[in-house]
Amino acid sequence: MDDIKSFTLVVSTGGVIITAILTHFFTVKREKFSKVFEYKLKILKDVYTPIYRIILEDVHPFDGYEGISIKQFEKIEKIIQENLELVDPQLESIIWILKEELYALYSHPNIDYVTLDEDRRLVDYVDFQYNYIRKQLGLPYDSGKITFVERLEIFKQRYKSKKNSKKAKSIIRKQKKVI
């Protein structure tokens, strides 16, 4: 009889401990999911949706996307500065590249109208992230924007543009040395 009581006590204690561990594990997992969900929703609402709207302002039927104006870039940069803790490093890098392009264009006083992001780096990245985060949140999204092949093509384009940028910079340096 003593063996049965001690066995019952060990089994019930073990069951209670296992239940407590599993409850703790699933509670932590649910809380983490909830925080990640809130964070992604904040990123979508405060960063990507406003930038997406700004980019779409100047997209005209039959013309398509031709780049962003300086005024649009300043609005986007303001959003980035206000929500810097929510901005991922890739978007921040793209903004810095556009900022460098803008400063380079300011050095030429004879340019009347300037468009930035003619290589579509910003619009492609924002479009992808906008749809990807919407997918993760369970919101309607454009499934054609998130295929692996498209993501691979974006990566290839970025790699080529970096390579071309390095070549252009080396040519400019050589020309400056000659002068």
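Where is helix α1 kinked, and by about how many degrees? In this predicted model, the kink in α1 is centred on leucine 44 and amounts to about 35 degrees. The points below describe helices α1 and α2, then the aromatic rings, of which a search of the whole structure finds three pairs.

**Helix α1**

- Helix α1 comprises 56 residues, from 2 to 57.
- From its first C-alpha to its last, α1 reaches 80 Å, close to the 82 Å expected at 1.5 Å a residue.
- Leucine 44, the centre of the kink, is itself among the buried residues of α1.
- The other buried positions listed for this helix are Ile43, Val47, Tyr48, Thr49, Ile51, Ile54 and Ile55.
- The cover over the buried residues of α1 includes α2 (70–82), α3 (89–106) and α4.

**Helix α2**

- The 13 residues of α2 should span 18 Å at 1.5 Å a residue, and the end C-alpha atoms are indeed 18 Å apart.
- Gln72, Phe73, Ile76, Glu77, Ile79 and Ile80 are the buried residues of α2.
- These buried residues lie on the same side of α2, because they cover an arc of only 155 degrees around the axis.
- An α-helix has 3.6 residues a turn, so residues three or four places apart point the same way.
- Lys71, Lys78 and Glu82 are exposed and sit on the face of α2 turned away from its buried side.
- The packing partners of the buried residues of α2 are α1, α3 and α4.

**Aromatic pairs**

- A pair of aromatic rings is described by the distance of the centres and the angle of the planes.
- One of the three pairs joins phenylalanine 25 and phenylalanine 26 in an edge-to-face arrangement, with 5.2 Å centre to centre and 65 degrees between the planes.
- Both members of that pair are partly exposed: phenylalanine 25 has a relative accessible area of 46%, and phenylalanine 26 has 49%.
- Phenylalanine 128 and tyrosine 132 form a stacked pair, because their planes are at 10 degrees and their ring centres are 5.6 Å apart.
- Phenylalanine 128 and tyrosine 132 both belong to helix α4 (residues 121–137), where they are four residues apart, about one turn of the helix.
- Phenylalanine 128 is buried, at a relative accessible area of 8%, whereas tyrosine 132 is partly exposed, at 33%.

**Lysine over a ring**

- Lysine 99 is placed over the face of tryptophan 96, at 4.2 Å from the ring centre.

Terms used:
Residues numbered from 1 in each chain as written. Predicted model: local features only at pLDDT ≥ 70, side-chain atom pairs only at ≥ 80, totals over all residues. Heavy atoms only, no water. Phe/Tyr/Trp six-rings, centres within 6.5 Å; stacked < 30°, edge-to-face > 60°. Buried < 20%, exposed > 50% of the residue type's maximum accessible area, 1.4 Å probe, protein only. Lys NZ or Arg CZ within 6 Å of the ring centre and 35° of its normal. Expected span 1.5 Å × (residues − 1). Bend = angle between axes of the 7 residues up to and from the residue. Contact = heavy atoms within 4.5 Å. Arc of directions from axis to C-beta.
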